[in-house]
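I open this notebook to keep track of what I looked up, one entry per topic. The structure comes first, and the entries follow.

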Amino acid sequence: MTSRAASFGTGRSPTGVAAPSRLALLMAFFAIYVVWGSTYLAIRYAVQTIPPLMVAGLRHIVAGVVLLGWACSRGYRPTWSEWRASVLLGFLYFVLGHGSLHWAETVVPSGWAALLIASEPIWIAVMAAVVSHGERLTGKTMTGLVLGIVSVGLLVGVETAAGQPAVVIGSIAILLGTLAWSFGVMYSLKAPLPRNAMARAGMPEIIGSLILLTLAGFTGEYSKFHLPAVTARSWWSLLYLITFGSIITFTAYTWLLDHVSPTLISTHTYVNPVIAVFVGWLWAGEMVNSRVVGAGLLTLLAVFLISRGTGKSLQSKVLAEEAEVP
């Protein structure tokens, strides 16, 4: 256990302020465990009758304005260099990362998408070793990388053999989006981003959402959007993504970073796919067969091994910079 976690047991948080109540901690972990895990199904429901780029753009423009407005109301003033850094991060995180996820969930089951997104630590481990040279590939890391590749192959391989190109293309899009998000995480470690946590999330969200809404126009989504055809379930899912998936859960995440160990917070990486698969099975009737279970177990084992094989210093930095998963 790190010194940040150890300090919690003394009645003080890692930042030196009074330790939070047990109820507050439980509610915050419920948000990053359950709420984040359930957003995959909310995305699937939202894109059923609202075009996917519009869903991603609308949820992030509202959340971004709220978060940045909150920061500015407390005295924060963003600089031009921070805005410039936010442009690239917004493109990587929300255009490539979330845009591809929202589009892919028109054809890919939500639990399946969550398992593919869980490959993010695999990409980050490779980049840390190859691109930034910040880490060496240990035996545990290499084993985790191999298991991660096997888990992806287990998920996508059968659809490839069965001739379901839409699912395969959607799965590839999610993996490419996860790769883009991982590039964003590595970039954020050295980029001149706002030190204020709310502004650091809100500014890239605003930039990313503006690009997404522009792309929605170029791809013809506005002409395909028919307001009377939007179901109540899609509207409620979009509202859920904005309030719970983006604003409340991110606030809980940044609050936890000030009070408990980053290693403890990182456990959401293991829990989110499990919640997503369970919720998709329970509420949407998504199939959970031995292949999905096997791929899920391999993914979780891969993430566990990579987290143990990656240096703590880099891991803490990466965890502190990750803003939002789904």
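Leaving aside neighbours within four places in sequence, which residues is Thr-39 in contact with? Before answering I note that the model is a predicted one, and I read every entry below in that light.

**Entry on Thr-39.** I looked up the place of Thr-39 and found it in helix H2, where its relative accessible area is 0% and the residue is therefore buried. Once the neighbours within four places in sequence are set aside, its contacts are Tyr-240, Leu-241, Gly-245 and Pro-326.

**Entry on the helix pair H3 and H11.** I then turned to helix H3, which spans residues 52–73, and helix H11, which spans residues 232–257, and found that their axes come within 9 Å and cross at roughly 40°. I recorded the hand of this crossing as right-handed. On the H3 side the residues that meet H11 include Val-55, Leu-58, Arg-59, His-60 and Trp-70, while the H11 side contributes, among them, Leu-238, Leu-241, Gly-245, Phe-250 and Thr-251. Sorted by class, the contact of H3 with H11 holds twelve nonpolar, four polar and one charged residues. I noticed that Leu-241 and Gly-245, listed here on the H11 side, also appear among the contacts of Thr-39.

**Entry on aromatic pairs.** A search of the whole structure gave me seven aromatic pairs. One of them joins Trp-36 and Tyr-253, with 5.4 Å centre to centre and 55° between the planes, and it is classed as tilted. Trp-36 belongs to helix H2 and Tyr-253 to helix H11, so this pair ties together parts that are 217 residues apart in sequence. I checked the accessibility of both partners: Trp-36 is buried with a relative accessible area of 1%, and Tyr-253, at 1% relative accessibility, counts as buried too.

I also looked up Tyr-93 and Phe-94, whose ring centres are 5.9 Å apart and whose planes stand at 85°, so the pair is edge-to-face. Tyr-93 has a relative accessible area of 2% and is buried, and Phe-94 counts as buried at 2% relative accessibility. Ring pairs link these two residues with Trp-181 into a cluster.

**Entry on the salt bridge.** How many salt bridges does a search of the whole structure find? I found one, and it is formed by Glu-286 with Arg-44, whose closest N and O atoms are 2.6 Å apart. The pair links distant parts of the chain, as Glu-286 sits in the loop between helix H13 (268–284) and helix H14 (290–309), Arg-44 sits in helix H2 (residues 22–46), and 242 residues separate them. Is Glu-286 buried or exposed? At 9% relative accessibility Glu-286 counts as buried, because the cut-off for that class is under 20%. Arg-44, in turn, has 22% relative accessibility and counts as partly exposed.

**Entry on Lys-224.** My last look-up was Lys-224, which has its place in helix H10 (residues 221–224). Its relative accessible area is 59%, so I entered Lys-224 as exposed. I also noted its separation from Pro-51, which is 173 residues in sequence and 7.6 Å in space, taken C-alpha to C-alpha.

Definitions and conventions
Residues numbered from 1 in each chain as written. Predicted model: local features only at pLDDT ≥ 70, side-chain atom pairs only at ≥ 80, totals over all residues. Heavy atoms only, no water. Salt bridge = Lys/Arg side-chain N within 4 Å of Asp/Glu carboxyl O. Helix = DSSP H or I, 4+ residues; strand = E, 2+ residues; numbered from the N terminus. Buried < 20%, exposed > 50% of the residue type's maximum accessible area, 1.4 Å probe, protein only. Axes fitted to C-alpha atoms, helices over the stretch in contact; angles between N-to-C directions. Left-handed = near helix turned anticlockwise from the far one by under 90°. Contact = heavy atoms within 4.5 Å. Nonpolar A, V, L, I, M, F, W, Y, C, P; charged D, E, K, R; others polar. Phe/Tyr/Trp six-rings, centres within 6.5 Å; stacked < 30°, edge-to-face > 60°.
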